[in-house]
Amino acid sequence: MIKTVALTKKYDEAYAIQDINLDLQAGDLFGFIGPNGAGKTTTMKILSTLLQPSSGEAYVCGHSVLNKPEEIRRLVGYMPDFFGVYDDMKVIEYLEFFAAAYRISGSERRRVCNDKLDLVDLDFKRDAYANTLSRGQTQRLGLARVLLHEPQVLLLDEPLSGLDPRARIEMRAVLRRLGQQGKTIMVSSHILPELADMCNKVGIIDRGVMGFSGTVEEAIQRVRPRIVLHVELIGDLPTAANLLSKHPLVASVDQEPARLVVTLNEGVKDYTELSTLLVHSGYPIKLFREEEVNLESAFMLLTKGLGVRT
């Protein structure tokens, strides 16, 4: 649904993005992660045909952004980070105005607008004036607007920015529902954890360079190829450490004042027999958990050393 090949945008001698390669399929919910100014918006504007690349190519639903921009615009819904609403329009009037621009007419227009309001959980505000909505409600109204013409691809630039915790949870729930409907969704954000539990794929970009593109699990595995366990138990820690260190799944065991830190051999995924070994050897377990590596850690490591050609 979205494919880019060495996609590059250059302003004079400075690169906004360089050699971006993406391959997203129908139903993918792709988290585009990076700090402000990393190149996320530039990439989205090229995909939505609002900006021409300097070199490389991009395809949306099989159409080239260079040769078929009109076809792409019928298939894409692009929501910028900030957009205005009309002060004197009610929510339902705002949607009907844009539905008319999409040439949706008559009773079908009202049905489509009602359906989208229901989808984004904003039906209770249908008769409120658009400029009275909260930031979260305004973002959901913007999402309803870009869904009016049933796009196959959604490009959402920082849709969670500035939202309170409840509004972020509600917006994430809406995006998951859209992904379940088979839409391909690209969501940009500079807030890393908010995308980790929502997206099946992520791209990490910094200063115009893509440091990683793949699944969340692949990002974490690249940062930490070996699983690390934290173990707290009742009994003699040195003896338990010696017992675990002899197990074929274990690469090393480090002893801390109140726990053991167990590093497994590369490629080991199933380590349940280690807990069984401890229990059968007379060590009641207080804690047995895998050390987490979040997207913030992955971002810092995967973008280390990235730079921009000049």
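The largest pocket of this predicted model holds about 400 Å³ of space. Here a pocket is an open set of points on a 1 Å grid over the protein atoms alone, with protein on both sides within 12 Å along at least five of seven lines, and lining residues have an atom within 4 Å of a point. Its volume is the space filled by probe spheres set on the points. Of the 14 lining residues, Arg 73, Arg 74, Val 76, Tyr 102 and His 149 lie nearest the centre. Helix H2 (69–75) gives the largest share of the lining, four residues, while strand E6 (76–79) and helix H5 (135–146) each supply at least two. Helices (H or I, at least four residues) and strands (E, at least two) are DSSP runs, numbered from the N terminus.

Residues are numbered from 1 along each chain as its sequence is written. Local features need pLDDT of at least 70 and side-chain atom pairs pLDDT 80 or more, whereas totals for chains, interfaces and linings use all residues, and side-chain values use heavy atoms, without hydrogens and water.

Turning to the interior, helix H3 (residues 91–101) has several buried residues (under 20% relative accessible area, 1.4 Å probe, protein chains only), including Tyr 94, Leu 95 and Phe 98. These buried residues pack against helix H4 (106–119) and H5.

The largest nonpolar core (buried Ala, Val, Leu, Ile, Met, Phe, Trp, Tyr and Cys residues joined through side-chain atoms within 4.5 Å) has 45 residues. The largest share of this core, six residues, comes from H3. A second, separate core of 23 residues includes Leu 7, Leu 24, Ile 72 and Leu 155.

Note on methods. On a 1 Å grid over the protein atoms alone, a cavity is a set of points where a 1.4 Å probe fits but cannot get out, and a pocket is an open set with protein on both sides within 12 Å along at least five of seven lines; lining residues have an atom within 4 Å of a point. Buried means under 20% relative accessible area, exposed over 50%, partly exposed in between (1.4 Å probe, protein chains only). Contact means heavy atoms within 4.5 Å.
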